[in-house]
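Visitor: Please show me the model. I would like the reasoning behind its labels.
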Amino acid sequence: MRGVRWRRAASQVGRSVAVWAVSTVTMLVLAGILPDFRLRSEDGDSATDIAVTAAFGAGAFGLLSALVWPLLVRLLLLVPALVLGLLVFFLNGALLLLALNLNPAERGAAAPETAVVVAAVMSAVASATGAALAVRDDDAYRRRLYRLSDRRRRRSGPPCPSTHGTVFLQLDGVGHDTLLDAVGKGLMPTVARWIEDGGHRLTPWRTDWSSQTGASQLGILHGSNHDVPAFRWYEKDTREVVVCNRPTSAIELQRRAVRHAGHDGLLAVDGASRGNLFSGGADEQALVLSIAARRRSRENRSRDGYFAYFSDPANAVRTALSFIAEVGREIGQSTRARLSKQRPRVSRGGLYPLVRAFATVVERDVVVAAVTGDMLAGRTAVYADLVAYDEVAHHSGPASRDAQKVLERLDRCLALIENVAEHAPRPYRIVVLSDHGQSPGETFRSRYGLTLGDLVRAGCGMPVPRRAERTRSGAEARAAVRAALRIPVEEGGERHRPERREEPIVLASGNLGLISFPDVPHRLSKEEIDARHPALLPTLANHPGIGFLLVRSEEHGAVVLGAFGAEIPLADLDDNPGPLAPFGPGAADAVRRTDSFPHTADIMVNSFHDPADGEVLAFEEQIGSHGGLGGAQGRPFLLSPTALSAPVREGEALVGAEQVHRVLRRWLRESNGPQVPVEAGEEEHAA
């Protein structure tokens with residue numbers, strides 16, 4: 001402990017000396033630029049004398065700012081804010097003049113108006129330098145968060161209850177096996193300590209077919225993800241494409257979930273939602289997508305998290321410098337991957353470095369600051385999403401060195417939040433979970449030279465891009481169309497061109513594809529699809545990059561289609577899984593549930609999956625993907641304190657986001673009494 005204190009003291013002294021040196025250089029530069037500011041006597045001085053004068057002036061100004069400025073602010077508390085804002089500059093200038101006059105050699109001098117400018121510049125430079133030196137210092141960062149949150153707590157009113165609060169931290173996209181691998185490699189020492197000391201238990205859970213944040217988080221926070229077949233899908237009744245991370249779609253999905261579940265959500269009682277797609281019914285919300293499109297009001301303050309965080313200049317400098325460093329890191333890593341001809345690989349140019357830096361730095365820092373503020377304010381339940389790993393793994397790969405570095409930084413965030421809990425006004429239990437995992441693999445386009453949309457158009461006999469025509473898949477699709485339509489050869493470039501209204505809408509959600517025919521108001525049957533496009537279903541089902549299809553048959557009900565004519569009704573999948581066999585236990589139930597949704601697409605397409613290496617083929621440009629069945633994407637985790645009841649009974653599986661919601665709701669009741677209505681049977685399970 002004594003060694004730690006000495007290291008902290010030495011670090012603080014080192015930062016103070018560095019700030020003093022930078023301030024001295026700044027004063028010298030300003031003296032050379034501004035005509036009414038000098039650091040030498042009228043008779044002239046040597047360079048050494050001028051440097052000593054600058055050092056003395058910078059040091060005196062720093063001490064006066066540290067000692068006198070707080071007293072001046074306290075004396076001026078009754079001054080109106082606007083007047084105080086103007087006085088700040090003049091008072092700062094007065095402190096600089098005083099610092100120069102304290103020099104016994106009387107070498108420095110400045111005009112009053114110039115002193116105001118010099119003082120403002122030096123204060124900004126000193127603040128930026130101090131914050132930059134503390135960027136990697138979590139102790140300094142934590143102390144700043146304490147100061148910010150302490151002011152908020154003093155305004156919050158009555159004292160906090162002595163019961164436990166609960167913080168739910170979602171590590172977006174981190175699968176169960178990925179977490180264990182990171183712990184085994186020493187990348188996440190905080191998580192390792194929690195597991196090894198017996199304070200937390202690690203439980204895997206299984207997602208629905210749509211293994212993505214929209215479906216999982218809606219189910220976890222609101223208790224229902226009914227009728228969310230994918231990340232994006234076409235709804236025939238409204239003739240609109242719904243996208244989970246589009247604000248208008250998120251608002252509608254949350255409204256549907258509340259209506260279907262019958263309650264406002266997990267966080268309806270003294271809760272806070274931070275960095276999520278949905279609010280969970282929380283009163284306190286920051287960076288929540290489902291309220292981002294609403295008119296701004298006291299009840300709708302999604303962006304206030306940014307303003308609260310960046311109002312502290314030290315936070316702004318810390319995050320800005322880290323943002324720039326992350327952009328440079330991404331450019332360097334992508335360049336290295338390109339030069340080494342790494343495979344698989346996707347494009348990482350354009351705005352992506354900025355997008356990655358926002359997710360891994362800005363969003364992380366703002367959300368962590370908001371969570372620590374909630375804890376120090378004594379809030380009962382907090383749910384926050386940290387998206388950094390998911391963003392990087394999409395483009396670098398789930399097991400890449402880039403993604404592993406992000407896991408290390410996320411572990412430091414967990415350690416910081418754990419330390420803040422020790423200073424909170426009430427005890428807290430920290431639950432860490434993920435919404436899905438990520439499965440590796442090259443893209444469908446990279447392997448076969450055409451997109452799923454190209455393959456669908458080829459199977460329908462529609463024109464496709466020339467690059468897709470030249471591929472083997474495109475040629476086979478055209479041959480299947482000719483055979484189905486009994487067209488022996490293509491002559492003079494003539495092809496079967498269906499009417500424009502027949503063109504399907506093809507959407508991708510990771511390795512899950514959705515094909516809808518917008519000119520038909522109902523869900524097309526297999527027989528109707530065969531009548532319109534006789535080669536389409538065989539083309540898709542027999543393609544090596546496709547695992548299986550889901551369509552509805554007039555004769556057998558919903559059926560799964562696979563290669564070589566496989567056609568299995570959903571009711572028979574337990575006895576004969578057929579093309580679902582490589583996707584493991586639970587796949588049949590997931591497909592059955594999705595088939596029951598009102599907005600399930602006419603054709604649901606799941607990519608190939610290799611159980612040996614966990615590989616899938618994304619229909620989007622991602623080498624780490626999620627959204628369908630296959631591999632680690634469908635196996636996230638739940639890391640909970642052992643003080644809470646077990647998520648499920650021994651031997652049972654935790655299946656679906658809606659069941660995870662019921663578990664989290666039970667834990668809130670164990671700590672704080674009823675939060676939302678209790679469902680029948682839940683109390684017996686908790687007992």
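Guide: This is a predicted model, and what follows covers a helix pair and a sheet.

Visitor: What makes α13 roughly parallel to α15?

Guide: Helix α13 (residues 352–376) and helix α15 (residues 401–421) pack at about 15°, with axes 10 Å apart. Angles under 35 degrees count as roughly parallel. That makes α13 roughly parallel to α15. The crossing of α13 past α15 is right-handed.

Visitor: Which residues of α13 and α15 make the contact?

Guide: From α13 come R356, R364, V368, V371, T372, M375 and L376. From α15 come D402, R409, C413, L416, I417, V420 and A421. The contact of α13 with α15 holds nine nonpolar residues, one polar and four charged.

Visitor: Now the sheet. Why do β12 and β16 stand at the edges?

Guide: The order in this open sheet of six strands is β12-β13-β17-β14-β15-β16, and the pairing is antiparallel. β12 (505–509) and β16 (567–569) each have a single partner strand, so one side of each is without a neighbour in the sheet. Neighbouring strands here are turned by 20° against each other on average, direction ignored.

Visitor: How do you know that β12 and β13 pair?

Guide: Pairing takes at least two bridges. β12 and β13 (residues 512–516) have five bridges, in the antiparallel sense. So the pair meets the cut-off. In β13, L512 is the bridge partner of S509.

Visitor: Which strands does helix α17 touch?

Guide: Helix α17 (residues 452–459) packs on the sheet and touches β12, β13, β14 (546–553) and β17 (603–607). The direction of α17 makes about 150° with that of β12. Helix α22 (residues 587–595) lies across β14, β15 (557–561) and β17. Against β14, α22 runs at about 40°.

How values were computed. Residues numbered from 1 in each chain as written. Predicted model: local features only at pLDDT ≥ 70, side-chain atom pairs only at ≥ 80, totals over all residues. Heavy atoms only, no water. Axes fitted to C-alpha atoms, helices over the stretch in contact; angles between N-to-C directions. Helix = DSSP H or I, 4+ residues; strand = E, 2+ residues; numbered from the N terminus. Parallel < 35°, antiparallel > 145°, perpendicular 65-115°, else oblique. Left-handed = near helix turned anticlockwise from the far one by under 90°. Contact = heavy atoms within 4.5 Å. Nonpolar A, V, L, I, M, F, W, Y, C, P; charged D, E, K, R; others polar.
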